[in-house]
Amino acid sequence: MLDTVKYLIGSAGPSGFGSKSTAEAVTATCPDLHQITAIITGATSGIGAETARVLAKRGARLVLPARSLKAAEEIKARILAESPRSEIMVLPLDLSSLSSVRSFVSRFLSLHLPLHLLVNNAGKFSHEHAITEDGIEMTFATNYLGHFLLTKLLLNKMAETAAETGIEGRIVNVSSSIHGWFSGDWVQYLDMLTRKKIPYDATRAYALSKLANVLHTMELSVRLKEMGANVTANCVHPGIVRTRLTRDREGFVTDLAFFLARKLLKTIPQAAATTCYVATHHRLQGVSGKYFADCNEASPSSSAINSQEAKRLWLMSELLVSSPLALRLDNSIASVRLCQDDDSLETASWRMSS
């Protein structure tokens with residue numbers, strides 16, 4: 001009850017910020033970002049667009065990957081109208097396609113730019129069951145697996161940039177408190193969902209993808225430490241906000257639900273605050289593997305802090321992005337099911353990196 005009251009009044013937490021803080025407010029005292037190059041996915045609308053606007057206002061060079069180049073160019077024009085000196089590049093990227101992710105990374109690396117900040121913000125809520133060209137369920141592929149591959153392919157660049165510039169690299173994964181709505185065996189669920197062996201539940205599929213975002217963050221932070229990279233990885237819950245993600249399902253029931261919950265809703269500037277705080281604030285220097293909500297460290301679900309499940313997810317993800325389409329899901333699921341203890345997971349991980 002007390003937490004709800006604090007949320008509604010926007011009471012500040014230990015960071016000095018709370019649920020009513022905006023992206024501009026949390027970055028007001030951050031260092032000048034003119035030395036920072038940032039990639040922000042999902043920046044054509046909503047939270048991503050606001051994140052891009054504020055980081056550009058603080059001086060960051062932006063790379064905006066987008067499936068719709070027209071939408072990205074429109075956002076770029078809007079940002080430049082407010083911040084004329086901003087340097088913004090638009091590149092094509094469809095996160096549901098592994099080949100598109102690889103093409104984007106190849107294009108970006110060919111620019112020979114540094115990379116200090118990666119914000120994995122893009123999200124999709126698929127109302128109907130769909131399978132990608134790679135044979136993966138659409139929501140899982142777009143919200144998680146595409147970002148997994150994107151991050152994997154950019155890790156060396158981020159580590160090199162941090163070493164050369166002395167500026168800490170940061171990876172911010174945008175998750176959701178909805179990750180706690182998923183329970184059960186995610187490997188079996190993803191397998192059955194992909195094969196249409198169970199009825200499609202859009203909310204549960206979305207919850208699984210958001211749980212994967214948190215697990216990815218936890219394991220990524222461990223691996224970054226093992227690499228000795230001056231790069232951190234954290235994830236955030238932006239809060240409840242009505243963006244294009246929810247407006248895609250407009251109707252009486254949806255409208256009624258948002259009307260009843262209107263006191264809990266954040267504005268888009270408020271929803272982008274936690275992402276911008278974690279991406280830029282000096283207070284989080286060296287902080288990695290954490291989950292944030294309302295600009296303060298928070299506790300994710302018990303499923304999201306299971307280190308063995310995080311390793312299993314990493315192993316399956318490695319297999320999913322590297323196997324031929326015909327063998328991808330079968331081999332990945334079978335391999336992960338064999339890895340039920342830490343020893344077998346370590347062996348499998350070593351083989352993947354050899």
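In which sense do strand 4 and strand 5 pair, and over how many bridges? The close-ups below, all taken from a predicted model, start there.

**View 1. Strand 4 beside strand 5.** Here you can see residues 117–120 (strand 4) alongside residues 169–174 (strand 5), paired in the parallel sense over four bridges. To find your place, look for Leu 118, whose bridge partner in strand 5 is Ile 171.

**View 2. The open sheet.** Stepping back, we meet an open sheet of eight strands with mixed pairing. Reading across, the strand order is 3-2-1-4-5-6-7-8. Strand 3 (88–92) and strand 8 (296–298) are the edge strands, each pairing on one side only. From one strand to the next, the twist averages 25 degrees.

**View 3. Helices on the sheet.** Helix 4, made of residues 69–82, lies across strand 2 (61–66) and strand 3. Its direction is at about 175 degrees to strand 3. Helix 6 also packs on the sheet, where it touches strand 1 (37–40), strand 4, strand 5 and strand 6 (231–237). The direction of helix 6 makes about 165 degrees with that of strand 4.

**View 4. Helix 6 meets helix 13.** Follow helix 6 (residues 138–165) to where it packs with helix 13 (residues 307–322), their axes 10 Å apart. The angle between the two helices is about 85 degrees, so helix 6 and helix 13 are roughly perpendicular to each other. From helix 6, the residues that take part are Phe 140, Tyr 144, Leu 145, Phe 148, Leu 149 and Lys 152. Helix 13 contributes Leu 313, Trp 314, Met 316, Ser 317, Glu 318, Leu 320 and Val 321. Sorted by class, this contact has 10 nonpolar residues, one polar and two charged.

**View 5. The second largest pocket.** Our last stop is a pocket with a volume of about 310 Å³, the second largest. Of its 19 lining residues, Leu 33, Ile 36, Ile 167, Glu 168 and Thr 280 are the closest to the centre. The lining of this second largest pocket divides into nine nonpolar, seven polar and three charged residues.

Terms used. Residues are numbered from 1 along each chain as its sequence is written. This is a predicted model: local features need pLDDT of at least 70, side-chain atom pairs count only at pLDDT 80 or more; totals for chains, interfaces and linings use all residues. Side-chain values use heavy atoms; hydrogens and water are left out. Axes are lines fitted to C-alpha atoms, for helices over the stretch in contact, and angles run from 0 to 180 degrees between N-to-C directions. Angles under 35 degrees count as roughly parallel, over 145 as roughly antiparallel, 65 to 115 as roughly perpendicular and the rest as oblique. Contact means heavy atoms within 4.5 Å. Ala, Val, Leu, Ile, Met, Phe, Trp, Tyr, Cys and Pro count as nonpolar, Asp, Glu, Lys and Arg as charged, and the others, Gly among them, as polar. On a 1 Å grid over the protein atoms alone, a cavity is a set of points where a 1.4 Å probe fits but cannot get out, and a pocket is an open set with protein on both sides within 12 Å along at least five of seven lines; lining residues have an atom within 4 Å of a point. Grid points are joined across faces, edges and corners, and a volume is the space filled by probe spheres set on the points. Two strands pair if DSSP finds at least two bridges between them.
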